[in-house]
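Colleague: I am just starting out with protein structures and would love a close look at one small part. Could you walk me through it slowly?

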Amino acid sequence: MTLGLGIESTAHTFSASVIDDSGKIRSNVKSVYRPPSGSGIHPREASRHHAEVAPSVVLSALKESSINYRELDFIAYSAGPGLGPCLRVGATISRFIAAYYDKPLIPVHHGVGHIELGSLLTDANDPLVLLLSGGHTMVLAAVNGRWRVFGETLDLTLGQLIDQFGRTIGLASPAGPTVEKIAEKGSKYVDMPYAVKGNDLSFSGLLTSVKRKMPEEIQENLAFSLQETAFAMLSEVAERALALLHKKELLVVGGVAANARLRQMLELVSDRHGCKLKDVPAEYAGDCGAQIAWTGWLYFKSGYSVKPEKAFVSQSWRIDEVDVPWRS
Amino acid sequence: MEKLIARGAEADIYLGRWGPLSAIYKVRTAKQYMAEELDKKIRRQRTVREARMLRAARSAVDTPHVLYVSQKKYTIVMEYINGKRMLDIIDKSPSQGKVMGEILGRLHMLNIIHGDPNTANFLFDSKKNKWYLVDFGLSYISSRKEDMAVDLHLVKEVVYVQHPTSFKEIMSGFYDGYMSVSGKMAGIVKKIDEIERRGRYARNRSFLF
Ligand SMILES: Nc1ncnc2c1ncn2[C@@H]1O[C@H](COP(=O)(O)OP(=O)(O)O)[C@@H](O)[C@H]1O
Ligand SMILES: [Mg+2]
């Protein structure tokens, strides 16, 4: 039995998880930093939060799975992309544990983590992937040992669009769940710019437009129209990829994947193209240690790790530059 | 009487007749997942735009003749191109990348941005020995190098995922072809780099800590 610890700390969430080689998640403990309402995430404040909770979160993850450090076979951490100060907290504690107990240390790309945990939990084989984390809005497919980008946003991510809209109406980030509730009460579609460029998307015009319409329209209708437009754009790009690549599975991962309206739309997209929608249980759709632990195991199995002194973090790490040998 | 021959991202493609001719019916059907107003707006816009741009592009590249447009039914009836898609032949003959480059280059010389230059949108009629370009629903007029660069970036993206093993050869032919007709290459390649480097395209900046 192989046991691994995974530590996630790219943005709001500090989380640790123990997973075994059968894919069983033994524990998945989280602590989420909440900025004051109306303001976005502040990297220093978030990293201070992470540094405070890190030791107890890691300990609880071990306790809940009733093991100690010595029984671990590897330590995996999210090495990027993300906020520098936050990344360093997770990387530092991971490096320390790995060096102290002499365990292999495995840097994991946050986005790959979302995808691989999603594949594990939904039994997806060779999916078309929508990666909708805070820092990513991408359509991907595995080709020759890499996750290749088929389309992506040219400016804001979907998560940033929703958070920034939330902020203008006084919500704390991450604003997704609240914006979703507000949007449910909207009914009138307010015209907004729809910007699909081939397989790529642009959300900045949408944000400008919704801000401009604030004085004359109620929040509910704006939230509704914002979601309808942005999600329709994403659905269309997914359709384009399905029409061209003929994948039989559509996997949606990342925090925004928790949105019920988006899931409903993607369900219809999947039906139209004869494919199966694979959506991850809400608990594991957003940032969590399990995504890092499981991907760590996939690397461990391929024989990949780094020396503690070679541990790195990378604020902007392209997912298509990461080798994923188990996908070749 | 009409037969569904393709289901694209936004339209159903039927093969039928228009008078004595074989004709393609491109029908933008309602998307159930979209808010109705949005869905109708997009279908109307794209139908109108596609018909207009199919015509406008003809002075630079071969496109199917537009036979009839119904805004109400969101339908364009056009000449049927009896041939093969670039998508299905390019892996066997990656040098055909050059053809795509030439076609897109000529289009850009007219200041037309295609908007969706994937390999399923280039059709070869072997009887006429002619390449056709289709699918102009996302096309628009622009003389900005940046817009042209986005078109080229899209080609790169699509070829990368669809034809990974022949990617290099296809793209080198593509750039040759593009440059040979447009001469705009130098400036535009810089723009592609810019697009790919900015924001979400940012390259790796990792450091030890
Ligand atoms: N005029 C035409 N003649 C022959 N085949 C066509 C024609 N127009 C489209 N097709 C076929 O239908 C497919 C989809 O049409 P397209 O206009 O690209 O729609 P979409 O926007 O849905 O991709 C094309 O890839 C091509 O194979
Ligand atoms: Mg097409």
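Colleague: In strand β6 (residues 128-131) of chain A, which residues point one way and which the other way, and are they buried or exposed?

Modeller: Happy to! This is a predicted model, in which local features need pLDDT of at least 70 and side-chain atom pairs count only at pLDDT 80 or more, while totals for chains, interfaces and linings use all residues. Residues are numbered from 1 along each chain as its sequence is written, and chains are lettered from A and ligands numbered from 1 in the order in which they are written.

Now to your strand (strands are DSSP runs of E with at least two residues, and helices are runs of H or I with at least four, numbered from the N terminus). A:Leu128 and A:Leu130 point one way from β6(A), while A:Val129 and A:Leu131 point the other way. All four are buried, where buried means that 20 or more other C-beta atoms, placed from the backbone, lie within 10 Å of the residue's own.

Next, the neighbours of the strand. Two strands pair if DSSP finds at least two bridges between them. With strand β11 (residues 249-253) of chain A, β6(A) pairs in the parallel sense over 4 bridges, and there A:Val129 stands opposite A:Leu251. With strand β7 (residues 138-143) of chain A, the pairing is antiparallel, over 3 bridges. A:Met138 in β7(A) is the bridge partner of A:Leu131, and a hairpin of 6 residues joins β6(A) to β7(A).

A good residue to look at next is A:Val253. Leaving out residues up to four places away in sequence, A:Val253 touches several residues, including A:Val129 and A:Leu131; touching, or being in contact, means that the C-beta atoms, placed from the backbone, lie within 7 Å. Others that A:Val253 touches are A:His114, A:Ile115 and A:Val280.

That brings us to the nonpolar core, a set of buried Ala, Val, Leu, Ile, Met, Phe, Trp, Tyr and Cys residues joined through C-beta atoms within 7 Å. The largest such core has 159 residues, and A:Ala238 and A:Val253 touch the most other members. Helix α7 (residues 219-245) of chain A gives this core its largest share, 14 residues. In soluble globular proteins, nonpolar side chains tend to be buried together.

Finally, let us step back to the whole chain. An automatic or database domain assignment splits chain A into domain 1 (3-114 + 286-327) and domain 2 (125-284). Their C-alpha centres lie 26 Å apart.

Key:
A residue is buried if 20 or more other C-beta atoms lie within 10 Å of its own, exposed if 12 or fewer, and partly exposed in between; C-beta atoms are placed from the backbone. Two residues are in contact if their C-beta atoms, placed from the backbone, lie within 7 Å.
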